[in-house]
Amino acid sequence: MTSLSLFFLVFLPVSGGLCLFFLRQQDNLRKNLSLFIFSLSLLFSIYLFLKPQGSWSRHLFNGYTLTLGLGKLSRLILFFANLSGALICLYSKDYMKGERGYFSWLLWLLAFSNLEILAVDFIVFIFSWCGSIFMLYALFNLGSKLSAKKAATISGFSWICFIIGAYIY
């Protein structure tokens with residue numbers, strides 16, 4: 001059950017975000033479905049917080065195996081990331097009325113954040129961090145184009161510095 005929960009922490013927000021992105025006029029349905037997915041993700045993170053450490057791996061191609069793992073500190077971080085995501089979704093339900101992509105971007109941000117926390121190897125971590133930067137840019141872009149450009153510049157610079165630092169190390 002632990003390995004299945006690790007998989008669902010990434011798969012549920014991605015698939016829910018895809019479903020929400022294609023719902024056009026059903027604003028209440030999008031809000032309630034996103035809140036349901038955030039709550040389900042929070043329940044999975046609580047379950048994983050209370051259970052011992054675990055991992056999930058699948059062989060993909062040419063000897064590369066995708067592995068997601070969960071240590072002591074990452075269980076705590078995973079719980080608080082999902083808790084804050086659920087609270088943001090709950091309290092922005094009425095405020096973000098009419099914004100079509102908001103809940104999709106928010107769910108995809110949660111999926112990439114969970115993938116960052118669960119990443120065991122460096123390639124998955126870099127991919128998920130880059131995905132989180134793009135999702136944050138999309139969320140900021142809903143509000144102000146200027147603040148989105150500033151946030152993308154700062155995040156991109158930190159990402160490049162991290163890559164250079166990892167290469168030097």
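In this predicted model, helices H2 and H3 cross with a left-handed sense. H2 covers residues 27-50 and H3 covers residues 72-91, and the two pack at an angle of about 160 degrees with 9 Å between their axes. Since angles over 145 degrees fall in that class, H2 and H3 are therefore roughly antiparallel. On the H2 side, the contact is made by Ser34, Leu35, Phe38, Ser41, Leu42, Ser45, Ile46, Leu48 and Phe49. Their partners on H3 include Arg75, Leu76, Phe79, Asn82, Leu83, Ala86 and Leu90. Sorted by class, the H2 and H3 contact comes to 13 nonpolar, 5 polar and 1 charged residues.

One of the H3 residues in this contact, Asn82, deserves a look of its own. Asparagine 82 sits in helix H3 and has a relative accessibility of 0%, so it counts as buried. Its C-alpha lies 6.6 Å from that of serine 41, with the two positions 41 residues apart in sequence. Once neighbours within four places in sequence are set aside, asparagine 82 touches Ser41, Leu42 and Ser45, and also Leu9, Leu110 and Asn114.

Over to the other helix pair: H5 and H6 pack at an angle of about 170 degrees, and their axes are 7 Å apart. That angle makes H5 roughly antiparallel to H6, and here the crossing is right-handed. From H5, the residues in contact include Phe122, Phe125, Ile126, Trp129, Cys130, Ile133, Tyr137 and Phe140. From H6, they include Lys145, Lys149, Ala152, Ser155, Trp159, Phe162, Ile163 and Ala166. The class count for H5 with H6 reads 15 nonpolar, 5 polar and 2 charged residues.

Next come the aromatic rings, with 12 aromatic pairs turning up in a search of the whole structure. Tyrosine 102 and phenylalanine 103 make one that is edge-to-face, at 5.1 Å centre to centre and 80 degrees between the planes. With the cut-off for buried at under 20%, tyrosine 102 makes the grade at 10% relative accessibility, and phenylalanine 103 is buried too, at 2%. Phenylalanine 125 and phenylalanine 162 have ring centres 5.8 Å apart and planes at 65 degrees, so this pair is edge-to-face as well. This pair joins distant parts of the chain: phenylalanine 125 belongs to helix H5 (residues 122-143) and phenylalanine 162 to helix H6 (residues 145-168), 37 residues apart. Phenylalanine 125 is partly exposed, with a relative accessible area of 25%, and phenylalanine 162 is also partly exposed, at 31%. Both rings are part of one aromatic cluster made up of Phe122, Phe125, Trp129 and Phe162.

Finally, there is a glycine to consider. Glycine 17 lies in helix H1, which spans residues 2-22, and is buried, its relative accessible area being 0%. Some 91 residues along the chain from glycine 17 is tryptophan 108, yet their C-alpha atoms are separated by just 6.1 Å. Leaving out residues up to four places away in sequence, glycine 17 is in contact with Ser104, Leu107 and Trp108.

Technical notes
Residues numbered from 1 in each chain as written. Predicted model: local features only at pLDDT ≥ 70, side-chain atom pairs only at ≥ 80, totals over all residues. Heavy atoms only, no water. Axes fitted to C-alpha atoms, helices over the stretch in contact; angles between N-to-C directions. Helix = DSSP H or I, 4+ residues; strand = E, 2+ residues; numbered from the N terminus. Parallel < 35°, antiparallel > 145°, perpendicular 65-115°, else oblique. Left-handed = near helix turned anticlockwise from the far one by under 90°. Contact = heavy atoms within 4.5 Å. Nonpolar A, V, L, I, M, F, W, Y, C, P; charged D, E, K, R; others polar. Phe/Tyr/Trp six-rings, centres within 6.5 Å; stacked < 30°, edge-to-face > 60°. Buried < 20%, exposed > 50% of the residue type's maximum accessible area, 1.4 Å probe, protein only.
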